[in-house]
Amino acid sequence: MIKRRAFLKGTSMAGVLALSIPEIVQAAMPKASGIKLQKGDVILFQGDSITDAGRKKDDLNFNTPNSLGGGYAVQAAAEMLLKHPDKGLKIYNKGISGNKVYQLAERWDKDCLELKPQVLSILIGVNDYWHKHNGKHDGTIETYKKDFRALLNRTKESLPNVKLIIGEPFAVKGIKAVDESWYPAFDEYRKAAKEIAEEFQAVFIPYQKVFDEAQKTAPGVYWTYDGVHPSLAGAKLMAEAWLKAL
């Protein structure tokens, strides 16, 4: 009986947490963007390790678990494919762990422009700050802004009709890698991403606010194991926010 009560209590709590995710996203993103998926759309996720999420780099296919990794991209992709079996969507993930904006630019022709996406999602910036913070990168906030704008200008020149989604770099303070020394400098990268999204008429996903809201339901370590990389629940949270952008 004790085991049964413990099981019921555990499943009840899981249900509360699961049900709260749409409410968390709604609180952070009260309005949807209005992007509509069309038949035959190519959707591309780009970024660093948060997007990469252990994907198999030698799997060049679309819509496969190996090619999409184990993070928010595969969860968002699964939902889109489930809801739109008639659209023939092709969903790619080309995130690479450790990338900063200039490293996206170095592989942009092959990993973006040649795929000709109709919807392009970019989450980049935490390494531009983190690697500067730990002495592995000499870029500045001005470098980040200049490189990001150059990348998007290049993208719009080749793909003038692409629908852009830009994710906000985020961090959860007090968990392993992220401490007070990140601030206020890291906030400048978040601010820059939002300004650039507005400048290029991109949908902006306020991931920092999403994670801040999520911590009202469960502690930060529930959503991210090191302050930067999401847990399984955190990846689901990110996917829900991304889908709200549609």
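**View 1. Helices α7 and α9 lie roughly antiparallel in this predicted model.** Helix α7 covers residues 126-133, and its axis comes within 9 Å of that of α9, crossing at roughly 160°. Angles over 145 degrees count as roughly antiparallel, and α7 and α9 are therefore described that way. Their crossing is right-handed. If you would like to find the contact yourself, look on α7 for Val126, Asp128, Tyr129 and Lys132, and on α9 for Ala185, Phe186 and Tyr189. Sorted by type, the residues of this contact are five nonpolar, no polar and two charged.

**View 2. A cis peptide bond joins Tyr183 and Pro184.** Omega for this bond is about 5°. Pro184 sits in the loop between β4 (163-167) and α9.

**View 3. Helices α8 and α9 pack at an angle of about 25°.** Here we stay with α9 (residues 185-199) and turn to its packing with α8 (residues 141-158), where the two axes are 10 Å apart. Angles under 35 degrees count as roughly parallel, and the angle found here makes α8 roughly parallel to α9. The crossing of α8 and α9 is right-handed. On the α8 side, the contact is made by Ile141, Tyr144, Lys145, Phe148, Arg149 and Leu152. Across from them, α9 offers Glu188, Tyr189, Ala192, Ala193, Ile196 and Glu199. Eight residues of this contact are nonpolar, none are polar and four are charged. Tyr189 may look familiar, as this residue of α9 also takes part in the contact with α7.

**View 4. Two salt bridges involve residues of helix α8.** How many salt bridges does a search of the whole structure find? The search gives twelve, and two of them are picked out here. In one, Arg154 pairs with Asp109, and the closest N and O atoms are 3.0 Å apart. Arg154 belongs to α8 and Asp109 to helix α6 (residues 108-111), so this pair ties together parts that are 45 residues apart in sequence. Arg154 is partly exposed, with a relative accessible area of 28%, and Asp109 is also partly exposed, at 41%. In the other, Glu142 forms a salt bridge with Lys145, with 3.3 Å between the closest N and O atoms. Both of these residues lie in α8, three residues apart, which is about one turn of the helix. An α-helix has 3.6 residues a turn, so residues three or four places apart point the same way. Is Lys145 buried or exposed? Lys145 counts as buried, at 18% relative accessibility, because the cut-off for buried is under 20%.

**View 5. A salt bridge links Glu240 and Lys236 within helix α12.** The side chains of Glu240 and Lys236 meet at 3.0 Å, N to O. Both residues lie in α12 (residues 232-244), four residues apart, about one turn of the helix. Glu240 is partly exposed, with a relative accessible area of 23%, and Lys236 is partly exposed as well, at 32%. Elsewhere, salt bridges that share partners join Glu168, Asp187 and Arg190 into one network.

**View 6. Helix α10 is mostly covered and packs obliquely with α12.** Six of the eight residues of α10 (residues 207-214) are buried. Which residues of α10 are buried? They are Tyr207, Gln208, Val210, Phe211, Glu213 and Ala214. The axes of α10 and α12 come within 11 Å and cross at roughly 130°, and the two helices are therefore oblique to each other. Their crossing is right-handed. From α10, Tyr207, Val210, Phe211 and Ala214 meet Gly234, Leu237, Met238, Ala241 and Trp242 of α12. This contact divides into eight nonpolar residues, one polar and no charged.

**View 7. Ala53 and Lys116 each have a positive phi without being glycine.** For Ala53, phi is about 50°. Ala53 lies in the loop between α2 (49-52) and α3 (65-68), and this residue is partly exposed, with a relative accessible area of 26%. For Lys116, phi is near 50°. Lys116 is found in the loop between α6 and β3 (119-123), and this residue is exposed, with a relative accessible area of 53%.

Notes. Residues are numbered from 1 along each chain as its sequence is written. This is a predicted model: local features need pLDDT of at least 70, side-chain atom pairs count only at pLDDT 80 or more; totals for chains, interfaces and linings use all residues. Side-chain values use heavy atoms; hydrogens and water are left out. Axes are lines fitted to C-alpha atoms, for helices over the stretch in contact, and angles run from 0 to 180 degrees between N-to-C directions. Angles under 35 degrees count as roughly parallel, over 145 as roughly antiparallel, 65 to 115 as roughly perpendicular and the rest as oblique. A crossing is left-handed if the near helix is turned anticlockwise from the far one by less than a right angle, and right-handed if clockwise. Contact means heavy atoms within 4.5 Å. Ala, Val, Leu, Ile, Met, Phe, Trp, Tyr, Cys and Pro count as nonpolar, Asp, Glu, Lys and Arg as charged, and the others, Gly among them, as polar. A salt bridge is a side-chain nitrogen of Lys or Arg within 4 Å of a carboxyl oxygen of Asp or Glu. Buried means under 20% relative accessible area, exposed over 50%, partly exposed in between (1.4 Å probe, protein chains only).
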